[in-house]
Every structure is written in C-alpha cells, then in structure tokens.
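Student: Please take me through one part of this structure in detail. I would like a close look at the ligand and the space around it.

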Amino acid sequence: MKIVVKKDYQELSREAAEIVKKRIQAKPDIVLGLPTGSTPLGLYKELARAYKKEELDFSQVSSFNLDEYFGLEASHPQSYHFYMEKNFFSLVNIRKENVFIPDGKTSDLENHCQCYEEKIKERGGIDLQILGIGRNGHIGFNEPGSSFNSRTRLVRLAQETIEDNSRFFKSLADVPTRAITMGLATIMESKDCLLLASGQARSERISRALKGPVSPDFPGSILQKHRNLTVILDKEAASFL
Ligand code: F6R
C-alpha cells in the first residue's frame with residue numbers, strides 16, 4: 001500500500017489526476033472504474049482541464065461506474081448517470097459506447113447485474129479503480145455486512161448512507177433506499193486501486209479502513225488486501241493515521 005499525503009483538496013485532486021493522466025498516456029485504451037460523490041469532483045475537473053489543453057485523449061478509454069440508485073431514471077438530476085455526464089463525460093471525448101453505469105431502471109435485474117460483470121471481463125478487467133469511502137466504510141454501495149465475495153447486485157442502503165446522501169436531495173424521504181453496486185470482489189479484481197479522501201470528517205474512516213481489522217463490518221478495510229492500492233489524502237484526512 002502506498003499512502004500519499006497532500007496539503008489540501010486541490011493538491012490531492014491534482015496528484016490523483018497526474019496518476020490517471022500517466023496511466024491513460026501509457027495505455028490509451030485503459031479501463032477505468034469510477035466513483036461519484038464529493039471526493040472525485042476535483043479529479044474530474046483536473047482531467048477535463050488536461051483534455052482541454054490537449055494533454056489527454058479519452059477516445060479509447062472505457063469506464064465502469066461503481067453504482068447507481070435503484071429506481072432513478074438516467075435523466076434524474078440526482079442519478080449517477082446525470083452526475084457523470086455533467087461533471088465528467090460531457091467535458092471530455094470519451095465515447096458513449098465505452099461508458100458503463102448500472103441502469104437504475106432495469107426491468108431484468110439479475111441479467112443486468114450479470115451482464116455488467118461480463119462486460120468488465122470482456123474489456124479485459126478494470127485497470128484502475130478509483131474510490132471514495134463512506135462514513136460506515138462503504139466502498140461503492142457495499143454497506144457493512146457485504147460479503148467479500150460479492151458481485152454487482154441490488155443492495156439496500158444503510159441508514160447513515162441515506163442520511164449522508166440526503167444533502168443532494170430535497171428531503172430525506174426523496175433519497176432512494178436501494179442501489180445497484182459493483183461488489184467487493186469486483187472492486188478487488190481491479191489491477192490498481194486509487195482511494196481518495198479529503199477533510200477531517202473522513203479521517204476516522206480512513207484510519208479504520210487502512211489500519212483497523214479487515215472485516216465486512218467495515219467494508220473498505222478489504223482494501224488492505226488489494227494487490228496494488230494507492231491512497232491519496234489531504235493532511236486533514238490523514239490526521240488519524
Ligand atoms: C459513489 C460511491 C460511494 C462514495 C462514498 C464517499 O459512487 O460509490 O462509495 O465514494 O459515499 O462519498 P463522498 O465522496 O461524497 O464522501
């Protein structure tokens with residue numbers, strides 16, 4: 001495990017973007033695993049800036065998002081489809097046919113989840129999985145209790161996740177209670193993994209994930225067993241380590 005500590009969120013985002021940039025330059029048809037949430041916004045901004053400056057070409061890049069709310073249309077402003085389009089995909093030249101996000105409105109759940117796993121395999125597996133981490137240690141929407149063998153599937157969101165994510169919705173009652181997420185086994189199969197965390201509020205979860213017992217009670221702790229994990233933190237997020 002490699003831990004990099006940067007001064008602040010901006011520096012963290014720049015460092016993460018530098019890593020992603022080098023990886024795309026080395027392998028133009030790289031397969032990325034992508035998160036949503038507050039943490040990667042700076043990274044997406046930096047990558048879009050690099051594209052604009054013609055330092056990066058996404059035309060051969062494929063991406064698989066970690067998760068999507070169950071029941072939300074892609075056009076819903078709080079869906080992760082919408083988030084990705086707004087904050088990243090519309091700003092770079094990634095091809096629609098190379099972008100994969102679980103469909104929150106699928107009518108054939110089992111088949112959809114299985115196909116998601118198959119598509120990842122068809123593209124040669126995820127080269128670089130980027131992650132944030134939730135208050136309860138979730139990665140993707142693998143909430144506490146998720147099996148280390150889990151694959152893409154429908155999950156029920158933990159109460160603390162619903163509360164935390166209500167900041168993006170009009171009210172707590174509007175937050176979907178279920179989601180489709182890649183599993184912990186799916187995430188662990190990625191060749192490289194980049195975990196990002198910023199701010200004091202994320203310091204305790206980072207210390208539990210990286211130094212606590214490896215247990216489904218705190219799903220992010222499984223990353224201690226990843227073959228190639230890089231963690232980029234700002235000073236505040238590293239303060240419990
Ligand atoms: C998002 C995801 C989640 C977030 C986590 C942290 O696609 O899978 O695991 O990474 O909830 O979210 P932020 O970055 O908003 O603190």
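Tutor: What follows describes the ligand, then the pocket it occupies, then the second largest pocket. The model is a predicted one.

Start with the ligand and its neighbours. The shell around the ligand holds 14 residues, and those that come nearest are Thr-36, Thr-39, Asp-67, His-138 and Gly-140. Sorted by class, this shell consists of three nonpolar, eight polar and three charged residues.

Some of the contacts can be followed down to atoms. In the side chain of Thr-36, an N or O atom is 2.8 Å from an oxygen atom of the ligand. For His-138, an N or O atom of the side chain is 2.7 Å from an oxygen atom of the ligand. Arg-202 also takes part: one of its polar side-chain atoms lies 2.8 Å from a ligand oxygen atom. As for exposure, the ligand taken alone exposes 410 Å², and the protein buries 94% of that.

Now step back to the space itself. The ligand takes up the largest pocket. The volume of this largest pocket is about 690 Å³. Its lining is made up of 37 residues, and Thr-36, Gly-37, Ser-38, Arg-167 and Phe-168 lie nearest the centre. Thr-36 thus appears twice, once among the residues that come nearest the ligand and once among those nearest the centre of the largest pocket.

Which elements build this lining? Two or more residues each are given to the lining of the largest pocket by strand E4 (67-69), helix H3 (80-87) and helix H5 (159-165). H3 provides the largest share, five residues. By class, the lining of the largest pocket divides into 15 nonpolar, 14 polar and eight charged residues.

Helix H3 also leads on to the second largest pocket, where the largest share of the lining, three residues, again comes from H3. The second largest pocket has a volume of about 230 Å³. It is lined by 13 residues, with His-81, Glu-85, Phe-89, Lys-96 and Val-99 nearest its centre. The elements that give two or more residues to this lining are H3 and strand E5 (99-100). The residues lining the second largest pocket comprise eight nonpolar, two polar and three charged.

To put the two parts together: the ligand occupies the largest pocket, and H3 gives the largest share of residues to the lining of that pocket and to the lining of the second largest pocket.

How values were computed. Residues numbered from 1 in each chain as written. Predicted model: local features only at pLDDT ≥ 70, side-chain atom pairs only at ≥ 80, totals over all residues. Heavy atoms only, no water. Near = heavy atom within 4 Å. Polar contact = N/O pair within 3.5 Å; in protein donor to acceptor, adjacent residues only side chain to side chain. Areas by Shrake-Rupley, 256 points an atom, 1.4 Å probe, with all protein chains shown as cover. 1 Å grid on protein atoms, 1.4 Å probe; cavity = no way out; pocket = protein on both sides within 12 Å on 5 of 7 lines; lining within 4 Å. Sits in = over half its atoms within 2 Å of the grid points. Nonpolar A, V, L, I, M, F, W, Y, C, P; charged D, E, K, R; others polar. Points joined across faces, edges and corners; volume = space filled by probe spheres on them. Helix = DSSP H or I, 4+ residues; strand = E, 2+ residues; numbered from the N terminus.
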